[in-house]
Amino acid sequence: MELTLRKEKILSSVVTEFLKSGEPVGSKVIAEEIGVSSATVRNEMSGLTEMGLLEQPHTSAGRVPSQKGYREFVDRLMEVPSLTPEEKRLIDAKLAPVLYDTEQLLVRTVELAASISRCAAAVTTPGGAGARVRAIQLVQTSRRTAMLLMMSSTGTMKNRIFRCDYDLTTDILRVFFRAFNERIAGKKVSDITPAFLQSLGASLGEMYALVGAPLRALLEAAHDTARTETLLGGQMNLLFYPEIEPRNARNILGMLENKEEFSMLLRQKPGNVTTMIGRECGRPELDTVSMMVSRYTIDRQDAGAVAVVGPVRMDYPRLTAVLEYLTDTLSAQLTQLTGED
């Protein structure tokens, strides 16, 4: 059976109405909306049901979209609205206090995504083995301790406190600072291995005996920078949707908390928002929910993801617009931060 223009209009109207009300949509509502008779709509709805795009929960009830129907709507029929100037101002105002703190910016982004969508939300941090070291700083904190800070090309800053068995001096820290920045700045964090650091230490000559503690701190900071983390927010929002049964909700929350497996689902291709509906998520725990993922970039390089997870009955057009704006804002700000001296 062919999906005609009229069937497309009816399917789009059913999905849109169902997203608003959560109730099965009857032929009368659609007939008034698109200007044809109720009988015509009922006939077309029957055809859409045969095609697997609509479902009829009860004999006398209206229709609801199937997962296949949502897929058709998202891929071909929905119109993504533009956020209003006021909506953009509200998002910008929430992000403004943390724009120059990468970690807090990511935390605030996940909070905003959860609040606006009223779903669970996730943000993956920039990083990974491809991140490069921008600079190393050393700050003395006591007579025998200091803090090593590693700043990366992805905007992250990792720190480690190290303790020496000798008194630190300004001259010693200056030697470490120069050696670390000359030999490490610009390198991928994946290249900072024990063998590389042993070579670096040996190049310091007589200072080699003093450099063990800061080199261990350097290695730990590099490992932290290479590790991508997943920040979660709004998980409890899922408990308020009647279509997500309590047992399913527990399974979904368990999947989200398994950050290693969940992060695999967020590794979508950069570009448009990726929408996975129900069984398309590829995990049985997520069969009754949908996930929308938008990737952000740093200096035009793929860096991480912003995602929402909620019931299959999600407002896909509006959330697409929200995710696009959040990731565009995040991309621009992180690119600016990493480009600053």
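Select Met292 and then look straight across to the neighbouring strand, where Val308 in E10 stands opposite Met292. The model is a predicted one, in which local features need pLDDT of at least 70 and side-chain atom pairs count only at pLDDT 80 or more, while totals for chains, interfaces and linings use all residues. Residues are numbered from 1 along each chain as its sequence is written, and side-chain values use heavy atoms, with hydrogens and water left out.

Next, select residues 289–298, which are strand E9, together with residues 301–311, which are strand E10; these two run antiparallel and are joined by 10 bridges. Strands (E, at least two residues) and helices (H or I, at least four) are DSSP runs numbered from the N terminus, and two strands pair if DSSP finds at least two bridges between them.

Now widen the selection to the whole open sheet, whose five strands follow the order E7-E3-E10-E9-E8 with antiparallel pairing. Strand E7 (230–233) and strand E8 (274–277) stand at the edges, and because each has a single partner strand, one side of each is left without a neighbour in the sheet. From one strand to the next the twist averages 15 degrees.

Add helix H6 (residues 102–117), which packs on the sheet and touches strand E3 (120–124), E7, E9 and E10, its direction making about 155 degrees with that of E3. Contact here means heavy atoms within 4.5 Å, and axes are lines fitted to C-alpha atoms, for helices over the stretch in contact, with angles from 0 to 180 degrees between N-to-C directions.

Which residue meets Glu280 in a salt bridge? Select Arg71, whose side chain lies 2.5 Å from that of Glu280, N to O; a salt bridge is a side-chain nitrogen of Lys or Arg within 4 Å of a carboxyl oxygen of Asp or Glu. This pair links distant parts of the chain, with Glu280 in the loop between E8 and E9 and Arg71 in helix H4 (residues 67–77), 209 residues apart.

Return to the strands and select Asp302 and Arg295, whose side chains meet in a salt bridge of 2.9 Å, N to O. Asp302 is partly exposed, with a relative accessible area of 40%, whereas Arg295 is buried, at 13%; buried means under 20%, exposed over 50% and partly exposed in between, using a 1.4 Å probe and protein chains only.

Finally, select Arg160, Glu220, Asp224 and Arg227, which are linked in a network of salt bridges.
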